[in-house]
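Student: Could you take me through the inside of this protein, with a close look at what packs together there? After that, I'd like to see how a few spots elsewhere compare with it.

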Amino acid sequence: MSQEERRRSAGRREQPAERRETPRRRRKRRGFSLLGTLLYVAFVIGISTLLAAVGWVAANDVLALNKAEHSAIITLPEEIFTEKEVTVETDEGTETETIQVADLDYVADQLVDNGIIEFKLVFRLFSLFSNAEEKMTPGTYQLDTDMDYRAIVTNLGSNSASRQMVTVTIPEGFTVDQIFQRLEDEGVSTVAKLQDMAATHDYAFSFLQEIPLGDYKRLEGYLFPDTYEFYMGEDPKMVINKMLVNFDRRFTDEMRAQVQENGYTVRDIVIIASMIERETDGTDRATIASVIYNRWLNTSAGTAGYLGVDATLVYALGRTITSEDYTADTPYNTYTHQGLPPGPISNPGMESILAAMEPEDTNYYYYALGSDGTHSFFQTLEEQQNFIAQQRGE
């Protein structure tokens, strides 16, 4: 065999070897591709399972499923609310109005911290899509874990049946300051908010129309003493309005007609009643009323229209008075200023109002408190001073 023939023969023998190597490489690539596919499928299934598990847990939280029974008190203070302008549809087109919206981060934190929900982020997302921040109002609410997210938002609103209420009793003779402090102590509102609303809001009642805005004590005498139910964290405007409505209802049209017929005003009667309320021992309202009228109107008796009521000075000075205070420079000093003080000194109850309208018919011009806690009444200053000396053992 020639050299050329041997080379060709060797070439033919080498070709099958090359063909055998090519299929082996392809089989190797197929094996790697199959393994990668299996791993990818396993990864997708794992992620899907994980997401499904997380989604199921989140869905349980959203829908309040499989949650242990638990309730908590949630308070949304007014400080977490800000104003927001929104566009609303009206019969005449669209208009812009201002509403209050809640801080969703604060709300979500409260719900998580108190065990009502588990996932702050999920609640935030739900709230954003449902405009929940516009549906919440300040207040204190009782929420349960059986409430889903929609129910939670609903129960944090003004019409919520879960909104916490408190019963507050306002005693007869309390001043505006005492009333506002009690309301703050009971969690209804704050003194500052109540004072601001009392000073600046123009309540539409006839008995307030002649009293200028600017001083919260303009409502002194008209916050009717009674037992009320308020929402905790209630709007201070509504709190005050509830007491004014009560006064307006109790002071009937018939009473107003009688007051006018007798030549007085509603304010005159309220001022006199407020003094009676602060001076009475509880049994002598009509008699004290007679002394006030006698000293005010019968100037020929020597009182010259000076009422001489200690309670008006106590109100003005805000403390127990001393002998030096009888010359204090204040229009509420009924020892140095004739006639009625410029305004009521307390919020009187109905008994004192009726006593102011129908005083007892007496000749008394003086009275003094005895050691037994009751008042004694006198026609002359000498009789009063003798009684006081006896009480002191002089």
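**A look at the core**

Tutor: Let's start in the middle of things. The largest nonpolar core has 62 residues, and the members that touch the most others in it are Phe180, Leu183, Ile240 and Ile353. Helix H9, residues 266-279, is the top contributor to this core, with eight residues. Keep in mind as you turn it around that this is a predicted model.

Now zoom in on Ile353. Leaving aside residues up to four places away in sequence, Ile353 touches Phe224, Phe247, Phe251, Met255, Ile269, Ala273 and Pro348. There's also a second, separate core, made of 22 residues, with Ile116, Met136, Leu143 and Val153 among them. As a background point, nonpolar side chains in soluble globular proteins tend to be buried together.

What about the chain as a whole? The protein chain has 394 residues, and 40% of them are buried. Its secondary structure adds up to 13 helices and eight strands. If you take the contacts with a separation of 6 or more, 60% of them are between residues 24 or more positions apart. The accessible surface comes to about 22500 Å², and carbon and sulfur atoms account for 50% of that.

Being buried isn't just for the nonpolar residues, and Ser290 is a handy case. Ser290 sits in helix H10, residues 285-297. Its relative accessible area is 2%, so Ser290 counts as buried, the cut-off being under 20%. Once residues up to four places away in sequence are set aside, Ser290 touches Pro359, Glu360, Thr362 and Tyr364.

For the opposite situation, go to Glu79, in the loop between strand S1 (71-76) and strand S2 (81-90). With a relative accessible area of 60%, Glu79 is exposed, because exposed means over 50%. Glu79 also has a partner from further along the chain to look at: its C-alpha atom is 8.7 Å from that of Pro138, and the two residues are 59 apart in sequence.

Last stop, the surface. Leu121, Leu125, Leu128 and Phe129 make up a nonpolar patch there, and together they have about 480 Å² of accessible area. Pick out Leu128, which belongs to helix H3, residues 120-130. Its relative accessible area is 47%, so Leu128 falls in the partly exposed class, between the buried limit of 20% and the exposed limit of 50%.

Notes. Residues numbered from 1 in each chain as written. Predicted model: local features only at pLDDT ≥ 70, side-chain atom pairs only at ≥ 80, totals over all residues. Heavy atoms only, no water. Patch = residues over 30% accessible without salt bridge, like charges linked within 9 Å, V, L, I, M, F, W, Y side chains within 5 Å. Areas by Shrake-Rupley, 256 points an atom, 1.4 Å probe, with all protein chains shown as cover. Salt bridge = Lys/Arg side-chain N within 4 Å of Asp/Glu carboxyl O. Helix = DSSP H or I, 4+ residues; strand = E, 2+ residues; numbered from the N terminus. Buried < 20%, exposed > 50% of the residue type's maximum accessible area, 1.4 Å probe, protein only. Contact = heavy atoms within 4.5 Å. Core = buried A, V, L, I, M, F, W, Y, C linked by side-chain atoms within 4.5 Å.
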